[in-house]
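Me: Please take a close look at one part of this structure. Keep it brisk, and explain each term as you go.

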Amino acid sequence: MTSRNDPCWCGSNKKWKKCHYPEKSRLNTRKEYKERHGILLKTEEEIIGIRNACQFAKSVLQELVSAAKKGVTTNTLDALCRRLHKEKGAIPAALNYGSPPYPCAACFSLNEVICHGIADDRPLENGDIMNIDIASIVDGYYGDLSTMVMIGEVSEEKKKVVACAKTSLDESIKILKPGMDLREIGQVIEREAAKEGFSVVHQFVGHGVGLHFHEAPQVCHHANNHKTAPLVEGMTFTIEPMINAGRPDAVIDPKDQWTARTIDGKPSAQFEHTVLITKTGYEILTV
Ligand code: MF3
Ligand code: CO
(Lines give C-alpha, C1' and ligand atoms only; values in the text may rest on other atoms or scores of the structure.)
(Ligands and ions follow the chains in the order given, each with its own letter.)
Protein backbone atom coordinates (compact mmCIF):
# COMPACT_ATOMS: atom_id res chain seq x y z
CA MET A 1 0.00 0.00 0.00
CA THR A 2 1.14 3.54 -0.72
CA SER A 3 1.58 5.45 2.53
CA ARG A 4 0.36 9.05 2.83
CA ASN A 5 3.97 10.07 3.38
CA ASP A 6 5.23 8.43 0.19
CA PRO A 7 6.12 10.67 -2.74
CA CYS A 8 3.09 11.50 -4.83
CA TRP A 9 2.69 9.32 -7.93
CA CYS A 10 2.46 12.43 -10.11
CA GLY A 11 6.19 13.09 -9.79
CA SER A 12 5.87 16.41 -7.96
CA ASN A 13 8.39 15.31 -5.27
CA LYS A 14 5.76 16.32 -2.70
CA LYS A 15 4.33 13.85 -0.24
CA TRP A 16 1.22 12.16 -1.50
CA LYS A 17 -0.82 13.59 1.42
CA LYS A 18 0.26 17.12 0.42
CA CYS A 19 -0.42 16.58 -3.25
CA HIS A 20 -2.94 14.27 -4.91
CA TYR A 21 -4.24 12.56 -1.77
CA PRO A 22 -6.91 11.18 -1.69
CA GLU A 23 -7.52 11.57 -5.42
CA LYS A 24 -8.07 14.15 -8.05
CA SER A 25 -10.27 13.82 -11.07
CA ARG A 26 -9.18 11.52 -13.85
CA LEU A 27 -8.92 14.47 -16.24
CA ASN A 28 -6.46 16.36 -14.05
CA THR A 29 -4.43 13.20 -13.61
CA ARG A 30 -4.07 12.68 -17.34
CA LYS A 31 -3.17 16.25 -18.14
CA GLU A 32 -0.69 16.60 -15.30
CA TYR A 33 0.95 13.28 -15.97
CA LYS A 34 1.42 14.12 -19.63
CA GLU A 35 2.95 17.49 -18.78
CA ARG A 36 5.30 16.09 -16.16
CA HIS A 37 6.42 12.81 -17.73
CA GLY A 38 5.35 12.99 -21.39
CA ILE A 39 3.38 9.80 -20.75
CA LEU A 40 -0.13 9.32 -22.15
CA LEU A 41 -2.58 7.81 -19.67
CA LYS A 42 -5.35 6.06 -21.54
CA THR A 43 -9.12 6.50 -21.21
CA GLU A 44 -11.51 3.58 -20.79
CA GLU A 45 -12.41 3.83 -24.45
CA GLU A 46 -8.77 3.83 -25.56
CA ILE A 47 -8.03 0.85 -23.32
CA ILE A 48 -10.79 -1.14 -25.02
CA GLY A 49 -9.22 -0.38 -28.41
CA ILE A 50 -5.70 -1.21 -27.23
CA ARG A 51 -6.84 -4.45 -25.62
CA ASN A 52 -8.49 -5.41 -28.91
CA ALA A 53 -5.30 -4.67 -30.89
CA CYS A 54 -3.26 -6.67 -28.38
CA GLN A 55 -5.61 -9.63 -28.66
CA PHE A 56 -5.39 -9.54 -32.44
CA ALA A 57 -1.57 -9.39 -32.36
CA LYS A 58 -1.60 -12.33 -29.98
CA SER A 59 -3.79 -14.37 -32.34
CA VAL A 60 -1.39 -13.65 -35.23
CA LEU A 61 1.58 -14.66 -33.10
CA GLN A 62 -0.13 -17.94 -32.18
CA GLU A 63 -0.66 -18.75 -35.88
CA LEU A 64 2.98 -18.00 -36.68
CA VAL A 65 4.21 -20.09 -33.76
CA SER A 66 2.10 -23.03 -35.00
CA ALA A 67 3.53 -22.64 -38.50
CA ALA A 68 7.16 -22.33 -37.36
CA LYS A 69 8.46 -25.84 -38.00
CA LYS A 70 11.72 -27.29 -39.29
CA GLY A 71 12.05 -26.61 -43.04
CA VAL A 72 9.74 -23.57 -43.06
CA THR A 73 11.33 -20.24 -44.00
CA THR A 74 10.83 -16.96 -42.20
CA ASN A 75 9.71 -15.47 -45.55
CA THR A 76 6.78 -17.92 -45.45
CA LEU A 77 5.97 -16.86 -41.88
CA ASP A 78 6.20 -13.19 -42.85
CA ALA A 79 3.76 -13.77 -45.75
CA LEU A 80 1.36 -15.46 -43.30
CA CYS A 81 1.64 -12.45 -40.97
CA ARG A 82 0.80 -10.06 -43.82
CA ARG A 83 -2.18 -12.17 -44.92
CA LEU A 84 -3.66 -12.42 -41.41
CA HIS A 85 -3.45 -8.64 -41.01
CA LYS A 86 -4.99 -8.02 -44.42
CA GLU A 87 -7.91 -10.36 -43.74
CA LYS A 88 -8.74 -8.42 -40.58
CA GLY A 89 -8.18 -4.96 -42.09
CA ALA A 90 -5.29 -4.52 -39.64
CA ILE A 91 -1.79 -3.15 -40.29
CA PRO A 92 1.51 -4.74 -39.22
CA ALA A 93 3.18 -1.86 -37.36
CA ALA A 94 6.73 -3.01 -38.15
CA LEU A 95 6.33 -2.92 -41.95
CA ASN A 96 8.09 0.17 -43.36
CA TYR A 97 8.69 1.44 -39.83
CA GLY A 98 11.69 3.69 -39.21
CA SER A 99 14.65 4.51 -41.39
CA PRO A 100 15.67 2.65 -43.44
CA PRO A 101 12.10 1.32 -43.57
CA TYR A 102 11.87 -2.05 -41.82
CA PRO A 103 11.14 -4.52 -44.67
CA CYS A 104 8.98 -7.15 -42.90
CA ALA A 105 5.61 -7.45 -41.16
CA ALA A 106 7.19 -9.15 -38.13
CA CYS A 107 10.66 -9.58 -36.64
CA PHE A 108 12.32 -13.01 -36.78
CA SER A 109 15.39 -13.15 -34.54
CA LEU A 110 17.27 -16.45 -34.62
CA ASN A 111 19.96 -17.76 -32.28
CA GLU A 112 22.57 -14.98 -31.85
CA VAL A 113 20.18 -12.34 -33.23
CA ILE A 114 18.94 -10.24 -30.31
CA CYS A 115 16.07 -8.46 -32.10
CA HIS A 116 14.87 -6.92 -35.39
CA GLY A 117 15.93 -9.93 -37.49
CA ILE A 118 14.70 -9.76 -41.09
CA ALA A 119 12.87 -12.63 -42.83
CA ASP A 120 14.74 -14.61 -45.50
CA ASP A 121 14.62 -17.92 -47.38
CA ARG A 122 16.73 -20.01 -44.98
CA PRO A 123 14.63 -22.97 -43.78
CA LEU A 124 14.37 -23.33 -40.00
CA GLU A 125 16.80 -25.97 -38.75
CA ASN A 126 16.97 -28.43 -35.92
CA GLY A 127 18.46 -26.62 -32.90
CA ASP A 128 17.33 -23.10 -33.85
CA ILE A 129 15.72 -20.79 -31.33
CA MET A 130 13.74 -17.87 -32.74
CA ASN A 131 11.96 -14.83 -31.37
CA ILE A 132 8.87 -13.81 -33.32
CA ASP A 133 7.78 -10.22 -32.60
CA ILE A 134 4.37 -8.97 -33.75
CA ALA A 135 3.01 -5.44 -33.48
CA SER A 136 -0.43 -4.74 -34.93
CA ILE A 137 -2.51 -1.65 -35.59
CA VAL A 138 -6.27 -2.30 -35.27
CA ASP A 139 -8.71 0.64 -35.59
CA GLY A 140 -5.77 2.97 -34.96
CA TYR A 141 -4.69 1.25 -31.69
CA TYR A 142 -1.42 -0.64 -31.18
CA GLY A 143 -0.58 -3.96 -29.55
CA ASP A 144 2.92 -5.47 -29.31
CA LEU A 145 4.20 -8.85 -28.12
CA SER A 146 6.79 -11.52 -28.83
CA THR A 147 7.68 -15.06 -27.88
CA MET A 148 10.31 -17.72 -28.54
CA VAL A 149 10.03 -20.94 -30.53
CA MET A 150 12.50 -23.82 -30.33
CA ILE A 151 13.00 -26.07 -33.35
CA GLY A 152 13.68 -29.76 -32.62
CA GLU A 153 16.56 -30.59 -30.29
CA VAL A 154 17.97 -27.40 -28.78
CA SER A 155 21.22 -27.07 -26.79
CA GLU A 156 21.14 -26.76 -23.00
CA GLU A 157 22.55 -23.24 -23.18
CA LYS A 158 19.77 -22.12 -25.54
CA LYS A 159 17.09 -23.76 -23.39
CA LYS A 160 18.43 -21.97 -20.33
CA VAL A 161 18.57 -18.55 -21.97
CA VAL A 162 15.00 -18.96 -23.27
CA ALA A 163 13.75 -20.01 -19.83
CA CYS A 164 15.58 -17.12 -18.18
CA ALA A 165 14.12 -14.54 -20.58
CA LYS A 166 10.62 -15.90 -19.89
CA THR A 167 11.07 -15.88 -16.10
CA SER A 168 12.54 -12.38 -16.13
CA LEU A 169 9.51 -11.01 -17.99
CA ASP A 170 7.02 -12.90 -15.81
CA GLU A 171 8.67 -11.82 -12.57
CA SER A 172 8.91 -8.18 -13.66
CA ILE A 173 5.19 -8.13 -14.49
CA LYS A 174 4.19 -9.59 -11.11
CA ILE A 175 5.43 -6.54 -9.19
CA LEU A 176 3.50 -3.95 -11.25
CA LYS A 177 1.11 -1.67 -9.38
CA PRO A 178 0.30 2.03 -9.15
CA GLY A 179 2.73 4.03 -7.05
CA MET A 180 5.82 1.90 -7.73
CA ASP A 181 8.60 3.23 -9.90
CA LEU A 182 9.28 2.15 -13.46
CA ARG A 183 12.94 1.60 -12.53
CA GLU A 184 12.07 -1.42 -10.40
CA ILE A 185 11.30 -3.45 -13.53
CA GLY A 186 14.97 -3.49 -14.50
CA GLN A 187 16.03 -4.51 -11.00
CA VAL A 188 13.91 -7.67 -11.21
CA ILE A 189 15.05 -8.59 -14.73
CA GLU A 190 18.73 -8.10 -13.88
CA ARG A 191 18.32 -10.23 -10.75
CA GLU A 192 16.85 -13.10 -12.81
CA ALA A 193 19.62 -12.87 -15.45
CA ALA A 194 22.33 -12.76 -12.76
CA LYS A 195 21.01 -15.99 -11.22
CA GLU A 196 22.01 -17.80 -14.43
CA GLY A 197 25.16 -15.82 -15.17
CA PHE A 198 23.47 -14.24 -18.19
CA SER A 199 23.42 -10.58 -19.23
CA VAL A 200 20.70 -8.02 -19.96
CA VAL A 201 20.76 -5.98 -23.19
CA HIS A 202 20.85 -2.20 -22.56
CA GLN A 203 20.67 -0.95 -26.14
CA PHE A 204 16.98 -1.78 -26.69
CA VAL A 205 14.16 -0.97 -24.30
CA GLY A 206 10.46 -1.52 -23.72
CA HIS A 207 8.17 1.41 -24.43
CA GLY A 208 4.82 3.06 -23.95
CA VAL A 209 2.43 1.75 -26.61
CA GLY A 210 -1.24 2.04 -27.56
CA LEU A 211 -2.01 5.28 -29.36
CA HIS A 212 1.36 5.10 -31.15
CA PHE A 213 3.87 2.32 -31.73
CA HIS A 214 6.58 3.79 -29.51
CA GLU A 215 5.46 6.25 -26.82
CA ALA A 216 7.12 7.47 -23.64
CA PRO A 217 8.31 6.09 -21.31
CA GLN A 218 11.32 4.01 -22.25
CA VAL A 219 11.30 0.88 -20.12
CA CYS A 220 14.87 -0.14 -19.26
CA HIS A 221 15.45 -3.84 -18.61
CA HIS A 222 18.73 -3.45 -16.71
CA ALA A 223 19.25 -2.53 -13.07
CA ASN A 224 20.19 0.92 -11.79
CA ASN A 225 18.80 2.72 -14.82
CA HIS A 226 17.65 6.33 -14.61
CA LYS A 227 14.28 6.00 -16.34
CA THR A 228 12.18 6.88 -13.36
CA ALA A 229 8.43 7.56 -13.36
CA PRO A 230 5.70 6.53 -10.95
CA LEU A 231 3.34 3.91 -12.36
CA VAL A 232 -0.22 5.18 -12.62
CA GLU A 233 -3.54 3.60 -13.51
CA GLY A 234 -4.13 3.90 -17.26
CA MET A 235 -0.49 3.50 -18.39
CA THR A 236 0.08 1.00 -21.18
CA PHE A 237 3.60 -0.12 -22.05
CA THR A 238 5.67 -3.09 -23.12
CA ILE A 239 8.28 -5.01 -21.18
CA GLU A 240 10.52 -6.95 -23.56
CA PRO A 241 13.74 -8.12 -21.91
CA MET A 242 16.51 -9.42 -24.15
CA ILE A 243 18.76 -11.86 -22.27
CA ASN A 244 22.15 -12.87 -23.68
CA ALA A 245 23.99 -16.06 -22.79
CA GLY A 246 27.28 -14.11 -23.05
CA ARG A 247 28.09 -10.42 -23.19
CA PRO A 248 25.29 -7.81 -23.22
CA ASP A 249 26.57 -5.86 -26.24
CA ALA A 250 24.50 -5.69 -29.43
CA VAL A 251 26.01 -5.03 -32.86
CA ILE A 252 23.74 -3.76 -35.62
CA ASP A 253 24.27 -5.21 -39.09
CA PRO A 254 25.88 -2.44 -41.18
CA LYS A 255 24.22 -3.74 -44.38
CA ASP A 256 20.55 -3.91 -43.40
CA GLN A 257 20.89 -1.48 -40.44
CA TRP A 258 18.33 -3.46 -38.43
CA THR A 259 19.51 -6.93 -37.41
CA ALA A 260 21.01 -6.73 -33.90
CA ARG A 261 23.39 -9.58 -33.01
CA THR A 262 25.32 -10.50 -29.88
CA ILE A 263 28.93 -9.31 -30.10
CA ASP A 264 30.24 -12.76 -29.12
CA GLY A 265 27.89 -14.85 -31.29
CA LYS A 266 26.29 -16.43 -28.23
CA PRO A 267 22.51 -17.00 -28.20
CA SER A 268 19.96 -14.41 -27.06
CA ALA A 269 16.28 -14.73 -26.11
CA GLN A 270 13.38 -12.31 -25.66
CA PHE A 271 9.74 -12.33 -24.59
CA GLU A 272 7.41 -9.32 -24.72
CA HIS A 273 4.00 -8.36 -23.37
CA THR A 274 1.93 -5.19 -23.47
CA VAL A 275 0.64 -4.40 -19.96
CA LEU A 276 -1.92 -2.00 -18.50
CA ILE A 277 -1.57 -0.52 -15.01
CA THR A 278 -4.90 -0.85 -13.21
CA LYS A 279 -6.23 0.59 -9.94
CA THR A 280 -4.90 -2.35 -7.94
CA GLY A 281 -2.14 -3.82 -10.10
CA TYR A 282 -1.88 -4.76 -13.74
CA GLU A 283 -3.55 -6.50 -16.66
CA ILE A 284 -1.49 -8.27 -19.33
CA LEU A 285 -3.25 -7.18 -22.52
CA THR A 286 -1.44 -9.69 -24.75
CA VAL A 287 -2.35 -12.97 -22.99
N1 MF3 B 1 8.77 -4.99 -30.21
C2 MF3 B 1 9.72 -4.39 -31.08
C3 MF3 B 1 9.93 -2.96 -30.65
O4 MF3 B 1 9.15 -2.46 -29.93
C5 MF3 B 1 9.24 -4.43 -32.49
C6 MF3 B 1 10.18 -3.78 -33.43
S7 MF3 B 1 9.49 -3.67 -34.97
C8 MF3 B 1 10.61 -2.82 -35.90
O9 MF3 B 1 10.90 -2.30 -30.98
F10 MF3 B 1 10.02 -2.42 -36.95
F11 MF3 B 1 11.06 -1.77 -35.21
F12 MF3 B 1 11.60 -3.61 -36.18
CO1 CO C 1 7.94 -3.54 -28.51
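Reply: Strands (E, at least two residues) and helices (H or I, at least four) are DSSP runs, numbered from the N terminus. The model is predicted: local features need pLDDT of at least 70, side-chain atom pairs count only at pLDDT 80 or more, and totals for chains, interfaces and linings use all residues. Residues are numbered from 1 along each chain as its sequence is written, chains are lettered from A and ligands numbered from 1 in the order written, and side-chain values use heavy atoms, without hydrogens and water.

Start with Thr262. Strand β12 (residues 260-262) holds Thr262. Its relative accessibility is 5%, so Thr262 counts as buried. Buried means under 20% relative accessible area, exposed over 50%, partly exposed in between (1.4 Å probe, protein chains only). Contact means heavy atoms within 4.5 Å. Beyond its neighbours within four places in sequence, Thr262 is in contact with residues including Glu112, Asn244 and Pro267.

Now the metal. Donors are N, O and S atoms within 2.8 Å of the metal (3.2 Å for Na, K and Ca); water is not among the atoms, so sites may look incomplete. For the cobalt ion (ligand 2), the protein donors are Asp144 (OD), His207 (NE2), Glu240 (OE) and Glu272 (OE), at 2.1 to 2.3 Å. Along the chain, their spacing is D-x62-H-x32-E-x31-E. Glu240 sits in the loop between β9 (236-239) and β10 (242-244). Glu272 sits in the loop between β13 (268-270) and β14 (273-277). The pair is 32 residues apart and links distant parts of the chain. Both Glu240 and Glu272 are buried.
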